[in-house]
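Welcome, and please open your viewer. We will take a short walk together, one selection at a time.

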Amino acid sequence: MSPGDSYNTYTVLSGGVGGAKLALGLDETLTRGQLSVIANTGDDFEHLGLKICPDIDTLIYTLAGIADPETGWGLNNESWQFMESLEKLGGETWFRLGDRDLATHLRRKELLETGRTLTEVTAELCRAMGVEASILPMSDDPVSTRIHTKEGALPFQEYFVRLQTEPVATGFDYAGSETARATADVLATLKHDSLAAIFIAPSNPWLSIDPILSLGDIKSTIIDTRVPVVAVSPIVAGKALKGPTAKLMEETGLDPSVTSIAGHYSELVDGLIIDEQDASLQDEIEDMGLRVGITRTVMNSHQDKVSLAEFAIEFAALLGGKKA
Ligand code: FO1
């Protein structure tokens, strides 16, 4: 970013682990106050009397540099005494809550019970953990992602964790999204006149991004924005880097390719960033009206995350204003 640019803030829509990697790269590349992250809350659920917000916590922990590097969720150097004791007492332990992670959930519960919104509580947790970027829950109202299967509609964490994404998916819905409102902070960020670009992180489009877009105001604001909107494909060479994206695509009749991702986002984005391994599909995607950025999108090292973020910022700047 050259200094003095009036368009110098960025917003990224993100779910958990995959999206958090790009958010971290952007946070490292940008300076204080330049990045806001719109976090998916469709995975949130009440469990053991706690309000669990997995994507928010994964984003906070990742940007704070304290996330478990193996799983991407939960905390590094964790201990599991609480889970072991709960097991002995006959409690549910299929959803793993580490001893340090437990403090986050208890503190969130305590703050929510004072009447603070999820947005305010999330800002408080970010402050406590030294995260400067603003992590904005998509809504302060409940929205629950459900996966439709032959056995019926499954709540997200039942599908994702307890059943290890085994069931065959036939569709999705986001319960509550008809009445849930995007928060004022989210809409202000998306409409801010300092905004330079909107990014859609390489999270699962159906499980992590669409819940955010299911909030009417957010989708319409993104469609109407004058700034470039750029998505990073979560699929590389027909495979998802993490999670069930490719499996879900096959189960719902989609070819697990970057072309299908382009089709999913074509009404919303100006450009799609794909991995070098998918370069041969550039023309096909450009024929859909999208600009294509080609780079290494597989993020293993810290530098990978920073390089992809820098590429995304440059690519968005190239796109300039919204397509006519
Ligand atoms: N994912 C798992 O696969 N198994 C778990 O036991 C688990 C526990 C967990 C605890 C806190 C948290 O913030 C996330 C946790 N996750 C776990 C990940 C979570 O299910 C996913 O990160 C998201 O919901 C999908 O992005």
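Here is a tour that begins at the ligand and then visits a few other places.

Before selecting anything, note that this is a predicted model, in which local features need pLDDT of at least 70, side-chain atom pairs count only at pLDDT 80 or more, and totals for chains, interfaces and linings use all residues. Residues are numbered from 1 along each chain as its sequence is written, and side-chain values use heavy atoms, with hydrogens and water left out.

**Stop 1: the ligand.** Select the ligand and the residues around it, counting a residue if one of its heavy atoms lies within 4 Å. You should find 13 residues, and the closest are Asp43, Asp55, Phe95, Arg96 and Gln157. By type, this shell has eight nonpolar residues, one polar and four charged. (Ala, Val, Leu, Ile, Met, Phe, Trp, Tyr, Cys and Pro count as nonpolar, Asp, Glu, Lys and Arg as charged, and the others, Gly among them, as polar.)

**Stop 2: the helices beside it.** Colour helix H2 (54-64) and helix H6 (156-162), since each supplies at least two residues of the shell. (Helices are DSSP runs of H or I with at least four residues, strands are runs of E with at least two, and both are numbered from the N terminus.) Which helix gives the most to the shell? That is H6, with four residues.

**Stop 3: polar atoms at the ligand.** Now look for pairs of N or O atoms within 3.5 Å. A polar side-chain atom of Gln157 is 2.8 Å from a ligand oxygen. A polar backbone atom of Arg96 lies 2.9 Å from an oxygen of the ligand, and an N or O atom in the side chain of Trp73 is 3.4 Å from a ligand nitrogen.

**Stop 4: two loops.** Select Ser177, in the loop between strand S8 (169-175) and helix H7 (184-191). Is Ser177 buried or exposed? Ser177 is buried, because its relative accessible area is 12%, and buried means under 20%, exposed over 50% and partly exposed in between (1.4 Å probe, protein chains only). A polar atom of the Ser177 side chain is 2.8 Å from the backbone oxygen of Tyr174.

Next, select Glu166, in the loop between H6 and S8. Glu166 is exposed, with a relative accessible area of 59%. Show Pro244 too: the two residues are 78 apart along the chain, and their C-alpha atoms are separated by 9.3 Å.

**Stop 5: helix H11.** Finish with residues 258-265, where six of the eight residues are buried, so H11 is largely enclosed by the rest of the structure. The buried residues are Val258, Thr259, Ser260, Ile261, Ala262 and Tyr265.

Key:
Polar contact = N/O pair within 3.5 Å; in protein donor to acceptor, adjacent residues only side chain to side chain.
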